[in-house]
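Reader: I'd like to learn how to read a model like this one feature by feature. Could you take me through it?

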Amino acid sequence: MRKITPKTLVAVVVVLLVLLGGCGYLANALYWHPQDVPWIRTFVTRVPVPIAQVEWQYVRYADYLAQQDATRVFLHSPVTQGQNMPKDLDTAGNKMILDQLIRAAAVRSMAQTANIKLTSDDVDKSYDALIARAGTSTDPGEITTYLRDAFGWNVDTFKQKVVAPATLETAVRQEVYKNDDAAFEKALEEKLKKTVKYIRLN
C-alpha cells in the first residue's frame with residue numbers, strides 16, 4: 001500500500017479547508033446573512049437552491065428573489081402613487097413574501113397527497129374568469145401593459161405566480177374539504193407546522 005507523504009497530506013487538508021470555507025461563505029451569503037448581489041442571483045438561477053421546505057415541496061430561492069423584484073416594481077408603480085406606502089422592502093415585507101411562498105408549497109403538498117393536478121387549461125380558465133370578474137379592461141394589450149407596469153410581469157408569468165397557486169388552492173378546498181374553509185385552514189395550519197426555513201430573516 002502506497003504511503004501518504006506529508007506534502008500530500010498537507011495538500012489534502014488545505015483543499016478540504018478551502019472547500020469548507022467556500023461552503024461556509026456560500027451558506028452565510030444565502031441563509032445566515034442573505035445578500036442580494038449579482039453572483040448570488042446567478043447561482044440560484046442556475047442551481048435549484050431551496051429557501052424553505054414543506055414536507056417534499058420546496059420553495060426555490062430564485063422564486064423568492066423574483067417575488068421580491070415584483071414587489072419592488074409594484075411599490076414604485078403608478079398604482080401606488082399618492083398612497084402612503086414604503087418604497088422598498090423591509091424585514092416584515094420579506095417575511096410576508098416568504099410566508100406566501102411557503103403557503104403555496106403547503107397547498108402543493110396537500111394537492112399531491114390528494115392526487116390533484118392542474119392542467120394548463122385549468123389555469124387559463126381561471127385567468128379568464130378572474131379578468132371577467134375584475135370589471136376592468138379585457139383588452140389584451142391593456143392587461144399586458146398593466147402587468148408590466150405594476151409587477152414587471154407578462155401574462156404567462158402572472159398565470160404562473162398568481163393564478164396557478166390560487167387555482168390549486170381552490171381545487172383542494174373544493175375537492176378535499178368540500179368548501180369547508182375552517183377544515184381547510186386547520187389542515188393547512190397542521191401542514192405549515194412541518195415547514196423548515198433555511199434562511200434567517202432578522
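Reader: How many bridges pair β1 with β3, and in which sense?

Author: In general, two strands are said to pair if DSSP finds at least two bridges between them. Here β1 and β3 are antiparallel and share 3 bridges. One position to look at is Q53, which stands opposite V196 in β3. Before we go on, this is a predicted model, in which local features need pLDDT of at least 70 and side-chain atom pairs count only at pLDDT 80 or more, while totals for chains, interfaces and linings use all residues. Residues are numbered from 1 along each chain as its sequence is written, and side-chain values use heavy atoms, with hydrogens and water left out.

Reader: Which strand joins β1 through 4 bridges?

Author: That is β2, residues 57-60, which runs antiparallel to β1. Within this pairing, V54 has Q57 of β2 as its bridge partner. The two strands form a hairpin with 2 residues between them.

Reader: What should I look for in the turn of that hairpin?

Author: Start with the backbone angles. Most residues other than glycine have a negative phi, and most peptide bonds are trans. E55, in the loop between β1 and β2, has a positive phi near 55° although it is not a glycine. For exposure, buried means under 20% relative accessible area, exposed means over 50%, and partly exposed is in between, using a 1.4 Å probe and protein chains only. E55 counts as partly exposed because its relative accessibility is 26%.

Reader: Where else is there a positive phi in a residue other than glycine?

Author: Look at N179, with a phi near 65°. N179 sits in the loop between α7 and α8, and it is exposed, with a relative accessible area of 52%.

Reader: How are the helices and strands assigned, and how many are there?

Author: Helices (H or I, at least four residues) and strands (E, at least two) are DSSP runs, numbered from the N terminus. The chain has 8 helices and 3 strands. Their order from the N terminus is α-α-β-β-α-α-α-α-α-α-β.

Reader: Back to Q53 in β1. Is its side chain buried or exposed?

Author: Q53 counts as buried, because its relative accessibility is 15%. The strand around it fits that picture: 4 of the 5 residues of β1 are buried, so β1 is largely enclosed by the rest of the structure.

Reader: What does the side chain of Q53 make a polar contact with?

Author: A polar contact is a pair of N or O atoms within 3.5 Å; within protein, one must be able to donate a hydrogen and the other to accept it, and residues adjacent in sequence count only if both atoms are side-chain atoms. The side chain of Q53 makes one with the side chain of Y198, at 2.5 Å. A polar atom of the Q53 side chain also lies 2.6 Å from the backbone oxygen of E55. For touching in the wider sense, contact means heavy atoms within 4.5 Å. Leaving out residues up to four places away in sequence, Q53 touches Y58, K194, T195, V196 and Y198.

Reader: Let's turn to α8. Which of its residues are buried?

Author: They are F184, L188 and K191. They cover an arc of only 55° around the axis, which puts them on the same side of α8; the arc is that of the directions from the helix axis to the C-beta atoms. The face turned away from that buried side carries the exposed residues A182 and K186.

Reader: What do the buried residues of α8 pack against?

Author: They pack against β1 (50-54), α4 (91-113), α7 (155-175) and β3 (195-197). At the start of α8, a side-chain oxygen of D180 comes to within 3.3 Å of the backbone nitrogen of A182.

Reader: One last residue, E169 in α7. Which residues is it in contact with?

Author: Apart from neighbours within four places in sequence, E169 is in contact with R103, V107 and F184. The side chains of E169 and R103 are joined by a polar contact of 2.9 Å. E169 counts as buried, at 16% relative accessibility.

Reader: And what share of the chain's residues is buried?

Author: Buried residues make up 30% of the 202 in the chain.
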